[in-house]
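This report describes one protein chain and its metal site. The account goes from the chain as a whole to single residues.

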Amino acid sequence: MKQRIEAEQLIPGTGRPVANGAVIVEDDRIAYAGPAADAPASPDATVVRARAVMPGMWDAHGHFMGLRSTDFTFLPQEPIALRAARITTDLRRALDAGFTSVRETGGLGIHFVQAIEEGSVEGPNIYAAGTTLSTTGGHADLHGLPRSWVVDFGHMGGEFRLCDGPSECARAAREQLRRNAKLIKVCASGGVLSDVDHPIHQQFTNAELRAIVEVAGMADRVVAAHCHGKPGIMAALEAGAKTIEHGSFLDEEAAVAMRESGAILVPTRTIFAELLDQGHMLPDYALKKLQATVDRHGEAIILAREAGVTIAAGTDVAMSGTDMPDSWGKNGRELELLVKLGFDPLEAIEAATALGPTTLGPQAPRSGVLAEGYDADILTLDVDPLADISALAQPEHITGVWKAGRRVKNLEG
Ligand SMILES: [Zn+2]
């Protein structure tokens, strides 16, 4: 099947935009993208016309948890089937928001990969980490619950896996590979939504981090390291982690180390903005930590950008339901927030398209770019996002979404 999308503004994902562009799709691949005047004739193609066309977006940091509380202690208290039912709606919301690919940095998404592939549910491409690896007492532990509950929860397919010591860490990483995880996620520093740990403190020893990176690397997988504080960032980089998630307290030395090692920053500005907007919904401990982190986080992103660190867009969206903060469907807000920090709109779009796959290292698919041979994951808009980046945060402006050449959203009726 052949399709031709013509648009006044074609944004390829990388490189300069093209005025009066055309994208020709053959089956699940892009056969041509460029000036409409140079496009091969395609008399048998169905034709769509739009104001703008660009690649389907990537969220390089999201969680499918089906959670309707900002208090993670609810996670093991609700049946996984209930949370999975909520996720089916989140998957649809991601597509409607123009996100055709999600790098899931820990969650239930690993179970949805097959369901989506076989057509049981509609959803984006999910590249899943499986269970988040954490130290005992670390960011992905539930400090107010008996440790044995958290351990049981992890073994039942829940989101968190506690591991301590290099050999147990290696085993925990192998458990995720056994589930066909496409990356490994670790908490290398404390967090904001966890109770007693401190965001600045390093979690996992250097030896533990090295063990995880080594196991992942043998299977061509990268390690994504949740880090706020500098000690965790430096330890993760030294061990060979590919991406630093959040990076709130990175300074010049850390930024240079990231650039030199080719590590990518996934800043997740959205969760900070979303939670701050609805601070009353947070547990007290989380609100205090958020307020102590949010300004520094903005400065860290600016500093990283100026130092030449590669930045890929991720949101840390995790909740279910439009009434919840940080919920699926709001993913496009990240681009607007990056532009507020000084990004050029084209640069923000590149962070959410062409740079998305790079966060998967050797597992990166040919996606995120409008060019011959790439996956036909595409979106169209009724406004030009280079003139108004906030349009990408408003699903009503995203008139069409294609995943692997199949149209999965159509606002034109
Ligand atoms: Zn996260």
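## Chain and zinc site

Of the contacts in the chain with a separation of 6 or more, 68% are between residues 24 or more positions apart. The model is predicted. Its chain holds 11 helices and 18 strands. The radius of gyration is 20 Å, close to the 22 Å that the globule rule gives for 413 residues, so the chain is as compact as a globular protein of that length. Along the principal axes, the C-alpha atoms fill a box of roughly 65 × 45 × 45 Å.

Buried residues make up 59% of the 413 in the chain. The accessible surface comes to about 15,000 Å², and carbon and sulfur atoms account for 50% of that area. Among the side chains, 38 are positive and 55 are negative. The centres of these two sets lie 3 Å apart.

Which residues coordinate the zinc ion? The donors are H61 (NE2), H63 (NE2) and D316 (OD), at 2.1 to 2.2 Å. Their spacing in sequence is H-x1-H-x252-D. The pair H61 and D316 links distant parts of the chain, with their positions 255 residues apart in the numbering. H61 belongs to strand β5 (residues 57-67), whereas D316 sits in the loop between β14 (310-311) and β15 (317-319).

Are H61 and D316 buried or exposed? H61 has a relative accessibility of 1% and counts as buried. D316 is buried as well, with a relative accessible area of 10%. Both values fall in the buried class because that class covers anything under 20% relative accessible area.

Two further residues are listed for their backbone angle. Most residues other than glycine have a negative phi. F204 has a positive value, with phi near 70 degrees, and A404 also has a positive value, with phi near 50 degrees.

| Residue | Phi | Loop | Relative accessibility |
|---|---|---|---|
| F204 | near 70 degrees | between β10 (183-187) and α5 (206-218) | 4%, buried |
| A404 | near 50 degrees | between β17 (398-403) and β18 (406-410) | 40%, partly exposed |

Each of these residues lies in a loop: F204 precedes helix α5 (206-218), while A404 is found between strands β17 (398-403) and β18 (406-410). Their accessibility classes also need stating. F204 counts as buried at 4% relative accessibility, whereas A404 counts as partly exposed at 40%.

Conventions:
Residues numbered from 1 in each chain as written. Predicted model: local features only at pLDDT ≥ 70, side-chain atom pairs only at ≥ 80, totals over all residues. Heavy atoms only, no water. Donors = N, O, S within 2.8 Å, 3.2 Å for Na, K, Ca; no water. Helix = DSSP H or I, 4+ residues; strand = E, 2+ residues; numbered from the N terminus. Buried < 20%, exposed > 50% of the residue type's maximum accessible area, 1.4 Å probe, protein only. Rg over C-alpha atoms; globule rule 2.2 N^0.38 Å. Contact = heavy atoms within 4.5 Å. Areas by Shrake-Rupley, 256 points an atom, 1.4 Å probe, with all protein chains shown as cover. Lys, Arg positive; Asp, Glu negative; His and termini not counted. Charge placed at Lys NZ, Arg CZ, Asp CG, Glu CD.
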